[in-house]
Amino acid sequence: MTTPLANYLILAALLFVIGLAGALTRRNAVLVLIGLELMFNAANLNFIAFWRFNPHPEKLTGLMFVLFSIAIGAAEAAVGLALIIAVYRHRRSALMDQFNSLKG
Amino acid sequence: MLNEIAFLLCASLTLAGAVAAMMLRNLVHCALCAAGAFAGLAAIYLQLSAEFAGFAQFLVYVGAVAILIVFTILLTRGADIQTGRAGSSSSWIGLLVAGLVLACLVGSIMSSPGLVRLPAQTANAPVQKIGEQLMNQYIMPLETMGLLLTAALLGGVVIAMREPAKANPSAR
Amino acid sequence: MEFIIKYLWLMPTAPLLAAGIGALLHRRQRLLGAGLAIGAILFSFGLACVAFSTTLRGGRATSNFRWFEFGTTSVQLGWVLDPLGAIMAVMVTFVSLLVFVYSVGYMAKDENFTRFFCFLALFAAAMLGLIIANSLLLFFICWELVGLASYLLIGFWFQKPSAAAAAKKAFIVTRIGDLGFLLGILYLYGRAGTLLFYDGGHGCLERNANTGVMMGTTLIALLIFCGAVGKSGQIPLHVWLPDAMEGPTPVSALIHAATMVAAGVFLIARVYPLMTPESLQVVTWVGALTAVFAAAIAVAQNDIKRILAYSTVSQLGYMMMGLGTGGVSVGMFHLTTHACFKALLFMGAGSVIHGCHEEQDIRKMGGLSRRMPVTFMTYAIGMMALCGVPLFFSGFWSKDAILDAAHHWRFSQTPFYLGLVGAFLTAFYMTRQVVLVFFGRSTNQEAEHPRESPPVMTLPLVILAAGAMLLGFFGTPVWPWFQSYLAEDNAVFDFSKLTEGGQLGIMLLSTGLVAVAMMLSGWIYFKKAASADREKDPLETAQPALFALLQHKFYVDEIYEATVVRLTVAFAMFSDWLDRKFWGGLVRAVSWLTVALARLSQTVDETVVNGSFDAGTETVRDSGKWVSLLQNGQTQRYLGAIGLAFCGLLIFLLWGSQ
Amino acid sequence: MNGLDQIFVGTGHWIAGLFPVYVQPLISAALEIAIMMAVFGGCFALTSVVERKLLGRMQNRYGPNRVGPFGLLQPLADGIKMLTKEDIVPFSADKTVHFLAPLALSVPIWLAFAVLPFGRNMSAIDLDAGILFFFAIGSASELAVFMAGWSSQNKYSLVGAMRAIAQMISYEVPLVLSTVPVLMLAGSLSLNEIVAAQGTYTLGGLARWNVFTPWGLAGLLLFLIAATAESNRSPFDLPEGESEIIAGFLTEYSGFKYALFFLSEYLGLFAITGLAVTLFLGGWHAPFRWLEWVPSWLWFAGKFCALIFLFVWIRATLPRLRLDQLLNFSWRFLVPLSLINILVAVAWYWSGSWKSPVALPVRWVLCAALVALPYHWLAQSLRGTLPPPRKYTYAE
């Protein structure tokens, strides 16, 4: 384990940015959701990295956090996708920029 | 030396999967690449010797979420040939913002000295201890997590359920 | 004395009661009305005599009561019985009684007979109230009632416009005088703190006695004198008295000869302690001037009653002069004697008019001596008493006393000389009148067969004639009972007084003057009376300008007409103009201003306020539109915003805070 | 006894010793992989033939007996046929995904074998969270099935894939839940720990296998049912329902890709049975104390073959279920029953401290009742979903 912590953080940052870019640019709601999941995982990676590089790793807070985060990520993905399906059924299209009925 | 290569391999796999997931036009391919990215991430967890997290990540994301995504794509006609531009009207703004965020993150990582240190010698997270902590210190989050997941389950089903009575709304 | 004072208030209330009941009577109950009035005045006359008898030994009794109070102060009224009041009461009741009896005959044919007697009773009540009043306020109240009664009586025949106008004139002119009187009362109350005359040492008349503080100032005295001038018809305010002759003759006889006009003199006598020397000078001068002025006018008058009216004004002037120079007793003595013979003369004139079937112009009368012998005899006695024929006639003694006092006046002798001129003129016009009325030939046919008045009218004439002759003896310098009675010391029979201080000389001088005047007038007019053409007055032919001047009463009425009336009319017109044009204009201007202001504020409000407000809302709405662009429903844009915010936060946290 | 038992382990160490030290872990790993692939590859070939012969025997006919003695070389023939057949890829198919699908399916399955303890300290990796690893790998297969089904752009394959995924997801839940009692009582997720937990022998010399406990028996049954469904076999082989949708998501595959699919299907079966053996049948332990002398891996292999025979037996006898019956069966019967099985395990564990001699039978009756009653009610509720009995009308 010679790779320093920074590498992992940079990797997480990259992953996060890729997810963000996808979420911002892609028009399809599902892809936005995938981007979101990527961002989630980037965060989890950070947690695990910090846990691993923590001077006394016996405290498992980072790890525990990741477990719960994964569970929440799954729940969120499920509800998000259900929403997308419901909206699609209502709007017959999955393109995000057409869901602007909440306009100001 | 070995895990250096292993880390680079996994990292590159994950990043490639992520970029592909965001770039590809065919939605199913995107989903599959995303699954690949999640698998790569699970591998990195294993590399960071957090087996439990890695397996959980693999089980949840690759096993369940990927399937969910793919199903959603099918249900929302994503699988058909995409017409029009993939990116949203003002996609360059998104890229700009993402670039800005990247710059900030990398800048902060680079500028903070403490982050370059090497990891502790061995850090293992035996399931035994994880179990104990789950049952003692984190019992409340565990219970609420159970509740949350049930709620998400039911909610998802209710939301996505096809209204039995209502006629299918006219195609727009 | 104490016993009578408690019942003294009955004296005015009896006639008042009679007046009240009389007012309720129906016009047909003539006898009851007259009876009531005469009965009441008889009762008052009796009470007055009893009161007079108690005051013979001098002294003064008062009975005060609290009328009403407000806050800490209280208004007190009361009765007083003293020689001055007693003598006046007896004189007034005696004359009123005679006039009441006389007017029964005189007003016999008049249909408003009961109303007449009701007014007469009212007048008598007021006069008596005035006499016994112990408070200047009660005095003023009765004073006003007397004014009212004179108005009602002068204007008795209100169908005649001249009578109504005369009544109004009398009321208004006396009202002017009363204004001064009221101011005087208020000023006195301000200084003295009470209006009671005699209040056991605290009265406004007594205070100056023990504290030595002169309560009355000259101003108060003069203001009170104004009331007297108004009521007694002195110079500026005498114009109403001759016109008051419009009323029935008994009214003239009672009010404008004996009682009411005398009230002014009585007022000055009552408040004499307040009169300061300066004010007495003023009184004297006014009196003297009035005497000569009125006498001069009387010479040129043709109406029998107007001559007597001016003669009354002149005699009142004498009384004022007497008061001013000689003090209360001289004035009062002349007042008493004058009341007697002037009432006699008026009633005589009344019976003459009655005889000549309402003819009042002396130029149309003549030769009545043979047809109306009693009237002629009593009228002649009255004329001689008035002129001041010596010895047997009271007028001589009272007028002589005045002349003597005037002669001894230390300030100046002119009042004395004016008095002498007045006496000469009085004798002149009285003889003119008697000659024209009773001697010569009458020109028109009614006068052909004038009849003597009925006994009910001639009896009072005879009584008064006796009074006119006998009263004089009470005040002669030889036996000054009247003066001593008033001065409350006992009279001393002493012949030497007659020649003391040049009195005899004055007597002789005046007697001479009177004799000359009588012969002159007799000579001028005896021829005239006999001639057929009685229109032109010999004096007129001699001095037409002067005669016209006198006949027109020195154009005083015209002057008043020209000055006061026009002034007030002008002032009225001016105030009307002021009110309509100026203030109206101002109001219109203000209203226009407000309207303009309103319109201005409306426009301002429209443009500025609404404008700005609309502009404000406009900008808000526009900005609203812009802001809403920010939130256009694109979730990805929100995510972008969050990303930016995140960067900002990160930058700030890491590099911003160093 | 030790020698024979550890024969494979010993040879492995010996071979690794031939190489330099820094390379040794790699070499031993490669060796293990090679052995595992060889053993289970051969096993695949063998079972494909044995299964068909057994099916035949059960259907009162001979299985393949032409190729080699008693048809034993039949797999060789199939293999050659598979390899030589033309690998047709439909024109409209999504080439890459179509190519990757069989790969994505078989790789995870091979990984699954790393965790199973074939014999005394004969497990490739002794993972602390072995079971979790196994199920994580197991869940990856659904994605591969979807890739296969969708990429061939074929209605039948897509429908087949959807059915397969639905079935696998539905039966994964009872599969995992039925293992929970074993983990709770073994106290660890590591498979070696679980096998060790079953190592002791009762007084009568009988091994303390989990299957000899009420919850163990119920758990094994549930596990086996779920396992058959998980590997798309026998009563639950709707995805390849030949009669309706040809070969399900395999229709567009031919040649070597089909062979791979076929291989990974059987490998899935072997992995699941291996797990069943370790969890419920005491892994490589002998049933009786006095049989300890038999080498551990032999016990494992015996139990393994017994279960395989059971699967084939089931395949031969039970008709195919309809999809809704299949899903209802899982969600309304298996899942509740496995949850209740956990309660039974709790009751068993709680009553473990009873000292009275009659305790064992009483506990058995108690726990058995605890399982049987809900079994009866759930069955009743399921009955509602079955179609009414068919009435046949015969022409008079």
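At what angle do helix 2 and helix 3 of chain D pack, and how far apart are their axes? I started my notebook with that one.

**Ground rules**

I am working with a predicted model, where local features need pLDDT of at least 70, side-chain atom pairs count only at pLDDT 80 or more, and totals for chains, interfaces and linings use all residues. Residues are numbered from 1 along each chain as its sequence is written, while chains are lettered from A and ligands numbered from 1 in the order in which they are written.

**Entry: a helix pair in chain D**

I looked up helix 2 (residues 7–17) and helix 3 (residues 24–58) of chain D, and they pack at about 140 degrees with axes 9 Å apart. Helices here are DSSP runs of H or I with at least four residues, strands are E runs of at least two, and both are numbered from the N terminus. The axes are lines fitted to C-alpha atoms, for helices over the stretch in contact, with angles from 0 to 180 degrees between N-to-C directions. Helix 2 and helix 3 of chain D are therefore oblique to each other (under 35 degrees is roughly parallel, over 145 roughly antiparallel, 65 to 115 roughly perpendicular, and the rest oblique). Helix 2 of chain D passes helix 3 of chain D in a right-handed crossing (the near helix is turned clockwise from the far one by less than a right angle; anticlockwise would be left-handed).

I then noted who touches whom: Gly12(D), Ile15(D) and Ala16(D) from helix 2 of chain D meet Gln24(D), Ile27(D), Ser28(D), Leu31(D) and Glu32(D) from helix 3 of chain D. Contact means C-beta atoms, placed from the backbone, within 7 Å. By class, this contact has four nonpolar, three polar and one charged residues (Ala, Val, Leu, Ile, Met, Phe, Trp, Tyr, Cys and Pro are nonpolar; Asp, Glu, Lys and Arg charged; the others, Gly among them, polar).

**Entry: chain C and its helix 9**

I found 27 helices and two strands in chain C. Of its 658 residues, 51% count as buried (20 or more other C-beta atoms within 10 Å of the residue's own, placed from the backbone; 12 or fewer is exposed, in between is partly exposed).

Is helix 9 of chain C mostly covered or mostly open? It is mostly covered, with 12 of its 15 residues buried, including Phe225(C), Cys226(C) and Lys231(C). The buried residues of helix 9 pack against helices 6, 7, 12, 13 and 14 of chain C. Helix 9 (residues 218–232) reaches 20 Å from first C-alpha to last, close to the 21 Å expected at 1.5 Å a residue (1.5 Å times one less than the number of residues). Just after helix 9 of chain C comes Gly233(C), with a positive phi near 70 degrees.

**Entry: chain B and its partner**

Chain B has six helices and zero strands, and 38% of its 172 residues are buried. I zoomed in on Tyr45(B), which lies in helix 2 (residues 27–47) of chain B and counts as buried because it has 28 C-beta neighbours inside 10 Å. Setting aside residues up to four places away in sequence, Tyr45(B) touches Ile48(A), Ala50(B), Ala53(B), Gly54(B) and Gln57(B). Tyr45(B) and Gln57(B) sit 12 residues apart in sequence and 8.5 Å apart, C-alpha to C-alpha.

For the contact between chains A and B, I noted 67 residues from chain A and 73 residues from chain B. Helix 3 of chain A gives the most to the A side, with 22 residues. That side divides into 50 nonpolar, 10 polar and seven charged residues.

Conventions:
Two residues are in contact if their C-beta atoms, placed from the backbone, lie within 7 Å.
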